[in-house]
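Q: Let's zoom in on the charged pairs and follow them inward to the nonpolar core. Please start from a single residue and build the picture out from there.

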Amino acid sequence: MRFFLIMTLALFIANNNQIYARKQPKIHIEKKTMDFGIIYNDNPIKTDSIIIHNKGKENLIISDTYTDCSCTIIENKIDNIPPGQSDTLIVKLRVNKLFPGKLSKHVYIQSNSPKKEEEVIVINAEVRYKQ
């Protein structure tokens, strides 16, 4: 009897895991590093985009997007990406108030993707002043 209960429970758990695994969102970001190169203070704003794909079977819910510096600006908001679809996040880097030198900033994307709830995008640049 004990063996029968254990086997039944094991089959139930395995079946539920397979069903759950098939119906998950899956975030995919192709470009996880943005390199803006050299930015001069006379042209201090650079823009690029991050394409977010949902390679899963359920809607990908983007719960939050934020940056680690006020110099990095997310221009638009993404809430929901249906399965098999993608959307674009526009990111601007404004360096007019930063000191010269190399910098590394981050964009954070939080979602309901079970294997990767937070993605981190790295932005690299070098600030130079024109005399």
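**From a charged pair to the core**

A: In this predicted model, Asp79 is partly exposed, at a relative accessible area of 45%. Its salt-bridge partner is Lys77, with N and O sitting 3.4 Å apart. Lys77 is the exposed one here, at 65% relative accessible area.

Asp79 is also a way in to the core, since Ile62 touches Asp79. Leaving out residues up to four places away in sequence, Ile62 also contacts Ile27, Ile52, Ile78, Ile81, Ile109, Gln110 and Ser111.

Now for the core itself. The largest nonpolar core has 25 residues, and Ile62 is one of those touching the most other members, along with Ile50, Ile52, Leu93, Val107 and Ile109. Two of these, Ile52 and Ile109, turn up again among the contacts of Ile62. Which elements give two or more residues to this core? They are β1, β2, β3, β4 (60-67), β7 (86-94), β8 (101-111) and β9 (118-128). The top contributor is β9, with four residues.

Back to the charges: the model has five salt bridges in total. One of them joins Lys31 and Asp48, with the closest N and O atoms 3.0 Å apart. This pair ties together distant parts of the chain, 17 residues apart: Lys31 is in the loop between β1 (27-29) and β2 (33-40), while Asp48 belongs to strand β3 (residues 45-54). Lys31 is partly exposed at 36% relative accessibility. Asp48 comes out at 24%, which is also in the partly exposed range.

Then there's Glu126 with Arg128, another salt bridge, at 3.2 Å between the closest N and O atoms. Glu126 has a relative accessible area of 22%, so it counts as partly exposed, given that buried means under 20%. Arg128 is partly exposed too, at 33%.

A last word on the cysteines. How many disulfides does the structure hold? Zero. For the record, Cys71 is buried with a relative accessible area of 4%, and Cys69 is buried as well, at 18%. With that 20% limit for buried, Cys69 falls on the buried side.

Note on methods
Residues are numbered from 1 along each chain as its sequence is written. This is a predicted model: local features need pLDDT of at least 70, side-chain atom pairs count only at pLDDT 80 or more; totals for chains, interfaces and linings use all residues. Side-chain values use heavy atoms; hydrogens and water are left out. A disulfide is a pair of cysteine sulfur atoms within 2.5 Å. Buried means under 20% relative accessible area, exposed over 50%, partly exposed in between (1.4 Å probe, protein chains only). A salt bridge is a side-chain nitrogen of Lys or Arg within 4 Å of a carboxyl oxygen of Asp or Glu. A nonpolar core is a set of buried Ala, Val, Leu, Ile, Met, Phe, Trp, Tyr and Cys residues joined through side-chain atoms within 4.5 Å. Contact means heavy atoms within 4.5 Å.
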